[in-house]
Every structure is written in C-alpha cells, then in structure tokens.
Amino acid sequence: MKILLVQLPTSHLGAGEKVYPLGLSRLSGTVPDSVEKKVLDMNICVDPWPALNEALTQQRPDVVALSFRNLDPLAGHQASYLSSLKTAALVVKNQLPDVRVLAGGPAFSLFARRLMEEVPQLDVGLKGEGELIFPLLVQPDPDYGSIPGIIWRDGGELVLNPPGARIDMDTLPPMDLGAFPPLDYTHGNAYVAAMGIEGKRGCDLWCGYCLYPFLGGNRMRLRSPVKIVDEMELLHKDAGIKLFHFTDGVLNRPADHFEALCRELIRRNLDFSWTGFFREDSLTRDNLDLAKKAGVVAVYFSGDALTDHGLELLNKKMTREDILKASRLTAEQGVLTMCHFLVNLPGETENHVKEARQMLDELLAIHHAAGNLGAVIFNHIRLYPGAPVTQKLIRDGHLDPETDLLYPVYHNPARGSHLLHEFEARCHSAGVFSRLKLDQHAMEVAK
C-alpha cells in the first residue's frame, strides 16, 4: 500500500513566510512502516501544481491525504483558499480515478459536511484531531462505520460518525523530521517563527468570534513542561531551530503551567528564543520576568477590542485597564510587543469610536519611550457559523441567516469602514516617531 501526504497551499505565494506543517508531520509519524509513504508540502514549492502532478505520477499512491490548514488568510484579505482543496482533489482524481482521497486539518474540521458536499472527489474527511484516528484510516480496507470522528460516503449519503476521545497531550506522536525537514522552513521568514510548538490544546474562554473551543475542546489539555522542552531541545540540537512560536491559543494560562514551562527552559539553559500569544489580565511582572529569563523575544496580545463595549460584546472577560497594564509591563521590560484588535464592531457609536481612538493613543504613548511596539494589527470580525457574535448578528437582523460563511465574510458596515485604515495610519506615524526618537508631543499636535 502507498500513501501520499499533501499539505495544501494556504499562504500567499511569494510572501516568503513559511510555516512548518506541525499537524501533518505528526500524522506522518503514525503511518505504519508497512505502508510506502511520500510527502509534499505545496507551500514550499515554487510552482505547487506541477509538483503535485509529479508526485502522483511517480508514486501512483493508493491513498492521498490532503491537509487543509487555513480557510482564508484573515488580516482583512478578501481571499479564500477553498480553491486549493478543490483543485487538488480534482487533480488527484483526474490522475488516479480509483485512489482513496482523505481530507482533514483545522479548516476542513470547521466545515466538514459542507466541504464534503462541495468537493465530491473527497472520499473521507477527518473532523478534529487526527493522531488517534489517522492510523485507522490508512489501513488497506478500513471499516469506516467503526472509526470515530470521520465523515464518509455510504453510497450516496454522507455519514458523520460520533467523535472519539481526544488525545492525551503527553502521548502526542513525534514529528516526522525525516519526511518534513525543519531546515526547509527556517530561511526567509521576516515576521514569524516558522516552527510551532504545542504546549496545550483547547480553550475555556469562549471569546465571541472564536472557534478554538470547537476545534480543540472547551477545556485546556496541558502538555508536560518537560515533554515540551524535550521537543524544543531536540529540534534545536538536531535541526538547528533557534526560534519557536507556541501554537497555544493563550500561552500564559494557567499561570502555574506557564511558569513551570519557563522554569524548565531556564533550567536547561538552551540557546534559542520563542514567542506566543499572551492573555493581558494573566500577565504579571513576575511571570514576564520569568519569561524573559526563559527566552521570550516577542509577546503577542489579542485584546481584540479598544472599548468597554467591544470587550463585553466579544466576551473577553477583561477590561481596558488590563490591556493598558499589560502594555506597561512589556514596555518596562523592553519586550517586543504585537497587539491585535478588531475594529468597526457591531453596535458601535461615534462615542465608542472616540473611546477607541483615545485608547489606541494611550497604548502608543506607553510603548513610545521604550520603542518596543513591533506592530498593531487591525482586522474586522471574520464571521463563522455558530460563533456567538455571528448568532447575535442574525438575531438582531444584521446578517441574513442564509449567508454562505464558507467564503470570507467580515462584519464591516460602511459607516465605520474607514476606521481600520485610519487606525493603521495612526500607528504607522507613531512607529516612525518612536524609531527616530522624535518628540511624541509633535505627533499628537499633528493629528
């Protein structure tokens, strides 16, 4: 039996930013030795489609597994990667009509039934985590009816099997570093770490726009700090990785787990750095100092709202003062900081916009003297089925319930559609003044 594992293209070709296929690399490690295996990450190919065609022609696999990581690029880009999944499935079936085509990944899991309907060339879909399920799917003649967490075709009908148990994080299979060499990903990135590392899965916060609890579960499943650092040390020593990004939805919750991770990193005294998303109201001076000693080089915040109205709407369970306090801490410590905010939120008034401008100016002033603000990233809410904000917009009559959310749909009413650009310009001016060590007051007068 022969299998081809394919990471579908879900990045802007030519951007130069590469992301190691962490999920597919772990699945690759679960393929039995008796199965002939080849892999292809289309994101690192100069021209991915001839590469796929060549892989199919040379190997002629019995099974092709398509990993679909991102549905669209977010960050305000009106683009969809659905064509990557559709085109790949068509190419595979055109070349090898009898091949079994599997699909999975976070983007697939969000729209599993819809994508199986949209892409009839897919035979089986894996909804959710794959480490426990994938080995069952790559058997010569799998019994689909007995495999949890998959969606499959039974004649002309789609059958969605009940989900199975979630994996214990300390039993994660190792990455297949031979199939997916990390050094293929570590050259050229200007903005993000190419290598992800998992400290936990799941989230219990239920932010109003977010589907992390649906993907990873609504409670945090923690991985042993020793096992986390074991993997980082292996990647550092064997593959030369010097910068990691934690894929956790929130890295510094719970605090005891985060601090134990930092202490383990400090104990080993390894020569690499890391980044991650931090929750503002969980950040303290002590644990930020611990993180610095452990190698943190950039803190990402996702406060998401600049107003009390927005924080309540998005169910952030924190205050504007929490956001300001966290920025003061990273500015005092001189830690590179990235902030993410959603703008033009539902129900905003002109008073809310005024409050947002004032809040943004406070944040810029905090970071000005330290010169530690890497970027402020603005976006509009990407609407997903089932998300609380989406449901509220439907209830309030602001969103047609028949809207097709498979394709990128953002909440961005015309009255405030200029705000993202206005706020970006505000931050750009502040960044230039900070780097040139110019007077902040002059910038304020110019506004």
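**Figure 1. His 257, a buried histidine in helix α9.** His 257 counts as buried because its relative accessibility is 9%, under the 20% limit for that class. The model shown here and in the other views is predicted. His 257 sits in helix α9, which covers residues 255–268. Its side chain has a backbone partner: a polar atom of the His 257 side chain lies 2.7 Å from the backbone oxygen of Arg 223. Arg 223 is also among the residues in contact with His 257 once neighbours within four places in sequence are set aside. The others in that set are Gly 199, Lys 200, Leu 222, Pro 225 and Ile 228.

**Figure 2. The two domains and the interface between them.** The protein is split into domain 1, residues 2–161, and domain 2, residues 186–446. Their C-alpha centres are 30 Å apart. On the domain 1 side, 27 residues make contact with 28 residues of domain 2. Together the two domains bury about 2200 Å², and carbon and sulfur atoms account for 52% of that area. Polar links are present as well. The interface holds 7 salt bridges. Between the domains, 10 residue pairs are in polar contact, both residues being at pLDDT 80 or more. Four helices of domain 1 each give at least two residues to the side that touches domain 2: α1 (22–28), α3 (82–95), α4 (106–110) and α5 (112–118). By residue class, that side of domain 1 has 12 nonpolar, 6 polar and 9 charged residues.

**Figure 3. The salt bridge of Arg 26 and Glu 198.** Side chains of opposite charge can pair when their charged atoms come close. A search of the whole structure gives 33 salt bridges. The pair in this view joins distant parts of the chain: Arg 26 belongs to helix α1, whereas Glu 198 is in the loop between β8 (195–197) and β9 (200–201), 172 residues apart. The closest N and O atoms of Arg 26 and Glu 198 are 3.0 Å apart. Are these two partners buried or exposed? Arg 26 is buried, because its relative accessibility is 0%. Glu 198 is buried too, as its relative accessible area is 9%.

**Figure 4. Asp 289 and Lys 293, a salt bridge within helix α10.** The side chains of Asp 289 and Lys 293 form a salt bridge, with 3.2 Å from N to O. Why are the two residues separated by about one helical turn? They are 4 residues apart in helix α10, which runs over residues 285–294. Asp 289 is partly exposed, because its relative accessibility is 30%. Lys 293 reaches 58% relative accessibility and therefore counts as exposed.

**Figure 5. Arg 320 and Asp 308, a salt bridge between two helices.** An N to O distance of 3.5 Å marks the salt bridge between the side chains of Arg 320 and Asp 308. Arg 320 is in helix α12 (residues 320–333) and Asp 308 in helix α11 (residues 308–313), so this pair ties together parts that are 12 residues apart in sequence. Arg 320, with 23% relative accessibility, counts as partly exposed. Asp 308 is partly exposed as well, with a relative accessible area of 40%.

**Figure 6. A network of salt bridges that share partners.** Which residues do the shared partners join into one network? They are Arg 26, Glu 129, Glu 131, Glu 198, Arg 201, Arg 221, Arg 223 and Glu 231. Arg 26 and Glu 198 of this network are the pair shown in Figure 3.

**Figure 7. Leu 5, a buried leucine in strand β1.** Leu 5 lies in strand β1, residues 2–7. Its relative accessibility is 0%, so Leu 5 counts as buried. Leu 5 and Leu 24 are 19 residues apart in sequence, yet their C-alpha atoms are 7.7 Å apart in space. Leaving out neighbours within four places in sequence, the contacts of Leu 5 are Leu 24, Ser 28, Val 31, Lys 37, Lys 38, Val 39, Leu 40, Ala 65 and Phe 134.

**Figure 8. Arg 382, a buried arginine in strand β16.** Arg 382 is part of strand β16, residues 381–382. At 5% relative accessibility, Arg 382 counts as buried. A polar atom of the Arg 382 side chain lies 2.9 Å from the backbone oxygen of Leu 405.

Conventions:
Residues are numbered from 1 along each chain as its sequence is written. This is a predicted model: local features need pLDDT of at least 70, side-chain atom pairs count only at pLDDT 80 or more; totals for chains, interfaces and linings use all residues. Side-chain values use heavy atoms; hydrogens and water are left out. Domain bounds come from an automatic or database domain assignment. Contact means heavy atoms within 4.5 Å. Buried area is the accessible area (1.4 Å probe) that two parts lose on being put together, summed over both. A salt bridge is a side-chain nitrogen of Lys or Arg within 4 Å of a carboxyl oxygen of Asp or Glu. A polar contact is a pair of N or O atoms within 3.5 Å; within protein, one must be able to donate a hydrogen and the other to accept it, and residues adjacent in sequence count only if both atoms are side-chain atoms. Ala, Val, Leu, Ile, Met, Phe, Trp, Tyr, Cys and Pro count as nonpolar, Asp, Glu, Lys and Arg as charged, and the others, Gly among them, as polar. Buried means under 20% relative accessible area, exposed over 50%, partly exposed in between (1.4 Å probe, protein chains only).
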